[in-house]
Amino acid sequence: VPSTTQSGLAIPNNQVVDHYQILLMGNSHVNSLSSMISHLIKARFPSKQVTSSSAQGIYYLSERINDKASMDKLTNTPWTHVILQAQKYSSSGDYTYPTDAAVSWIRQTKNQNATPIMFPEHPRFNNTTEGLRVYLLHKSITEEEVACVAPIGPAWDRAIELYPYINLHQADGNHANVTGKLLTALVFYQIITGESADALPYIEAIDVNELNQNILRQVA
């Protein structure tokens, strides 16, 4: 990270722009999210331009900090929003992992005048405590360097509590299926644009039925 990187900058507000440029940095949990977020923004703002991209590889943030291609990807484009996923955490909650790489990515993002958005993973299947725990871990990171924290875990917990018959997970019980991805993307849509997900229309290009899209927008 360049030594000229300033710490303690305010979060740049890029909610109202003509061209949303969104970078996702993470592991397998960000797969195909960029296109879904783009669909949502275009549904609300058909005349605006949306560019979204994922950094290559499926690294933890702590591994990515030493990856020149990732740093180049961040610094070579005037991104408006950078979604940061893959902070290591203990699945049992018994261990803590360093957060300095996440702090560094947040700092670098703000120095680019992009909005940093932390992406705490959703809970695994049938795990009722993980979503909130991982969310709070990410909130604690932003006490050191301020950033947006997407309430992914709480949104999933709410959906699972109210609509237990809607399946959000793939068969592995870990990754999101298309329905789970939509819920996650809706939360990001709100942070990126400042608009309510509830006002979005049904989007045929997303393979989730109209009723469930409606339910997920309300949850988000």
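Me: Why does Glu 130 count as buried?
Reply: The model is predicted, and its values are computed from the atoms. Glu 130 has a relative accessibility of 0%. Buried means under 20%. So Glu 130 counts as buried.

Me: What makes Arg 124 and Glu 130 a salt bridge?
Reply: The closest N and O atoms of the two residues are 2.9 Å apart. The cut-off is 4 Å, from a Lys or Arg side-chain nitrogen to a carboxyl oxygen of Asp or Glu. The pair passes, and Arg 124 forms a salt bridge with Glu 130.

Me: Why is Arg 124 called partly exposed?
Reply: Its relative accessible area is 30%. Buried would need under 20%, and exposed over 50%. Arg 124 lies in between, so the term is partly exposed.

Me: How many salt bridges does the rule give?
Reply: The count comes to five. One of them joins Lys 68 and Asp 72, with the closest N and O atoms 2.6 Å apart.

Me: Why are Lys 68 and Asp 72 said to be separated by about one helical turn?
Reply: Both sit in helix α3, four residues apart. That spacing is about one helical turn.

Me: Which of the terms buried, partly exposed and exposed fits Lys 68, and which fits Asp 72?
Reply: Lys 68 has 61% relative accessibility. Exposed means over 50%, so Lys 68 counts as exposed. Asp 72 has 25%. This value falls between the two limits of 20% and 50%, so Asp 72 counts as partly exposed.

Me: How do you know that the buried residues of α3 line one face of the helix?
Reply: The buried residues are Ser 70, Met 71 and Leu 74. Seen down the helix axis, they fall within an arc of 95°, so they line one face. They pack against β1, α2, β3 and α4.

Me: What makes Lys 110 and Glu 145 a link between distant parts of the chain?
Reply: Their side chains meet in a salt bridge, 2.8 Å from N to O. Lys 110 is in helix α4, while Glu 145 is in the loop between α5 and β5. The two are 35 residues apart. Both residues are buried. Lys 110 and Glu 145 also belong to a salt-bridge network with Arg 107.

Me: How many aromatic pairs does the search find?
Reply: The search of the whole structure finds three. One of them is Tyr 20 with Phe 45.

Me: Why is the pair of Tyr 20 and Phe 45 called tilted?
Reply: The centres are 6.4 Å apart, and the limit for a pair is 6.5 Å. The planes stand at 35°. Stacked needs under 30 degrees, and edge-to-face over 60. Neither fits 35°, so the pair is tilted.

Me: What does this pair tie together, and why?
Reply: Tyr 20 lies in strand β1 and Phe 45 in the loop between α1 and β2, so the pair ties together parts that are 25 residues apart in sequence. Tyr 20 counts as buried at 0%. Phe 45 is buried too, at 13%.

Me: What makes the pair of Phe 119 and Phe 188 edge-to-face?
Reply: The ring centres are 5.0 Å apart and the planes meet at 75°. Edge-to-face means over 60 degrees, so the term applies. Phe 119 lies in strand β4 and Phe 188 in helix α7, so the pair ties together parts 69 residues apart in sequence. Phe 119 is buried at 2%, and Phe 188 at 0%.

Me: How do you know that Lys 48 lies over the face of Phe 45?
Reply: Lys 48 is 4.4 Å from the ring centre of Phe 45. The distance limit is 6 Å, and the direction must also be within 35 degrees of the ring normal. Lys 48 is listed as lying over the face. Lys 88 likewise lies over the face of Tyr 60, at 5.0 Å.

Me: What makes the link of Ser 53 and Lys 73 a polar contact?
Reply: Their side chains are joined at 2.6 Å. The limit is 3.5 Å between N or O atoms. Ser 53 sits in strand β2 and counts as buried at 16%.

How values were computed
Residues numbered from 1 in each chain as written. Predicted model: local features only at pLDDT ≥ 70, side-chain atom pairs only at ≥ 80, totals over all residues. Heavy atoms only, no water. Phe/Tyr/Trp six-rings, centres within 6.5 Å; stacked < 30°, edge-to-face > 60°. Buried < 20%, exposed > 50% of the residue type's maximum accessible area, 1.4 Å probe, protein only. Polar contact = N/O pair within 3.5 Å; in protein donor to acceptor, adjacent residues only side chain to side chain. Arc of directions from axis to C-beta. Contact = heavy atoms within 4.5 Å.
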